[in-house]
Amino acid sequence: MDTYLQITSVIGVYVAGVVFVAGMAWRVYQWATTPKSPVRLGMFPKPATRGGRIAKMLKDTFIAPQSAAIEPRMWLFAMVFHVAALAAFIGHLRLVQEFPVLPSLLGEEGMNSFAGWAGGIAGVLMMVAVMYWIARRTFGPFKNLSVPEDYLLLALLFGIIIMGNHMRFFGHVHAAEYREWFQSLLLLKPHVPDAIRTSNVGWSLGTHMLFVNLFLIYFPFSKLVHAVGSLSANFVRSE
Ligand code: HEM
């Protein structure tokens, strides 16, 4: 167990962090140095003002009406997934530092049950959305359009979420212990607290992090960079 956690939840996190930052820097450099198209790439209807263009970019990126019109069910699951992922991301910030105000407002018990409910709901919604995506590519007409990368990314996401949910629903490790581990990584003095190493979810944390690391390493080179590129791509659409 100690070796597994050392590889996945200490060394692996540093390797993934370096590859992710360097990979994203390389991506942004590539985008920035690609010559601008001499042809205008905008599509009608185009807003007349710059404010209108920015509003359209935000709408196209965060509401994606084009997707809703083409495949409404897929759009619904994508919305659910992204909102739940945002909630889970905000929850994960607790690993860096405890939230201000909330714990004193809710009390320790209240904070634990709020985190339990919010994290649990977000985790289940993300799991359902990814299961829908896997089914959509496995059984429907989209099977023919799917390439191995599509399944690989979904499998990584599924692994991350299942292991996160396992910790959330079956673990008894307190957020403070996870925070101690994560802060120790940030301070470059890594150590995994005994409460995690000896718990029933040490393996789940290790496997959560194994998938997270693979996901982060692959991210800059995968189609998921759309998360960063879609804003500028949508801006060009109204050029
Ligand atoms: C550096 C990156 C990450 C770290 C250190 C991390 C760590 C953790 C920890 C410690 C938990 C257990 C929380 C608890 O039970 O109190 C957890 C839960 C979870 N994680 Fe992560 N995680 C990371 C990235 C991700 C990513 C990229 C995703 C999804 C794409 C994800 C999805 C989840 C889900 C769905 C849960 C269960 C629900 C929840 O508690 O929010 N995690 N994670």
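These legends accompany several close-up views of a predicted model of one protein chain.

**Figure 1. The whole chain is built from helices.** Welcome to the overview, which sets the scene for the closer views. The protein chain has 10 helices and zero strands, so read from the N terminus its elements run α-α-α-α-α-α-α-α-α-α, with helices taken as DSSP runs of at least four residues. Along the principal axes, the C-alpha atoms fill a box of roughly 60 × 45 × 35 Å. Of the 239 residues in the chain, 35% are buried. Take the contacts between residues at least 6 apart in sequence: 77% of them join residues at least 24 apart.

**Figure 2. Helix H1 bends at Gly12.** Helix H1 covers residues 2-33, 32 residues in total. From its first C-alpha to its last, H1 reaches 45 Å, close to the 46 Å expected at 1.5 Å a residue. There is nevertheless a bend of about 45° at Gly12, and Gly12 is itself among the buried residues of H1. The others in that buried set are Leu5, Thr8, Ser9, Val10, Val13, Ala16, Gly23, Met24 and Arg27. If you would like to follow their partners, look to helix H7 (175-186), helix H8 (194-197), helix H9 (202-218) and H10, against which the buried residues of H1 pack.

**Figure 3. Helix H5 is kinked at Glu108.** Helix H5 takes in residues 102-139, and its end C-alpha atoms are only 44 Å apart. A straight helix of 38 residues would span 56 Å at 1.5 Å a residue. In this view you can find a kink of about 95° in H5, centred on Glu108. The buried residues of H5 include the glycines Gly120 and Gly123, along with Met111, Ala115, Ala122, Met126, Ala129 and Val130. Tyr132, Trp133, Arg136 and Arg137 of H5 are buried too. The helices they pack against are H4 (72-92) and H6 (148-170).

**Figure 4. Asn165 is a buried residue of helix H6.** Here the view moves to helix H6, where Asn165 has its place. Asn165 counts as buried because its relative accessibility is 9%, under the 20% cut-off. Setting aside neighbours within four places in sequence, Asn165 is in contact with Gly123, Val124, Met127 and Phe170. One of these partners, Gly123, is a buried residue of H5.

**Figure 5. Ser184 sits in helix H7, in contact with Tyr14.** Ser184 lies in H7 and is buried, with a relative accessible area of 7%. Beyond its neighbours within four places in sequence, Ser184 touches Tyr14, Lys189, Pro190 and His191. It is worth finding Val96 in this view as well: Ser184 and Val96 are 88 residues apart in sequence, yet their C-alpha atoms are 9.8 Å apart in space.

**Figure 6. Arg197 in helix H8 meets the start of the chain.** Arg197 has its place in helix H8. Arg197 counts as partly exposed because its relative accessibility of 28% falls between the 20% and 50% cut-offs. Its contacts, leaving aside neighbours within four places in sequence, are Met1, Asp2, Leu5 and Val192. Leu5 and Arg197 are 192 residues apart along the chain, while their C-alpha atoms are separated by 7.9 Å. Leu5 is also one of the buried residues of H1.

**Figure 7. Ala64 and Val101 are two loop residues with positive phi.** Neither residue is a glycine, yet phi is about 50° at Ala64 and about 65° at Val101. Ala64 lies in the loop between helix H2 (50-62) and helix H3 (65-70), whereas Val101 is found in the loop between H4 and H5. Ala64 is buried, with a relative accessible area of 14%; Val101 is exposed, at 57%.

**Figure 8. The second largest pocket draws on helix H10.** This pocket has a volume of about 310 Å³. Its lining is made of 13 residues, and Trp31, Lys36, Ser232, Val236 and Glu239 lie nearest the centre. Helix H10 (residues 226-236) gives the largest share of that lining, four residues. By type, the lining of the second largest pocket divides into seven nonpolar, three polar and three charged residues.

Notes
Residues numbered from 1 in each chain as written. Predicted model: local features only at pLDDT ≥ 70, side-chain atom pairs only at ≥ 80, totals over all residues. Heavy atoms only, no water. Expected span 1.5 Å × (residues − 1). Bend = angle between axes of the 7 residues up to and from the residue. Buried < 20%, exposed > 50% of the residue type's maximum accessible area, 1.4 Å probe, protein only. Contact = heavy atoms within 4.5 Å. 1 Å grid on protein atoms, 1.4 Å probe; cavity = no way out; pocket = protein on both sides within 12 Å on 5 of 7 lines; lining within 4 Å. Points joined across faces, edges and corners; volume = space filled by probe spheres on them. Nonpolar A, V, L, I, M, F, W, Y, C, P; charged D, E, K, R; others polar.
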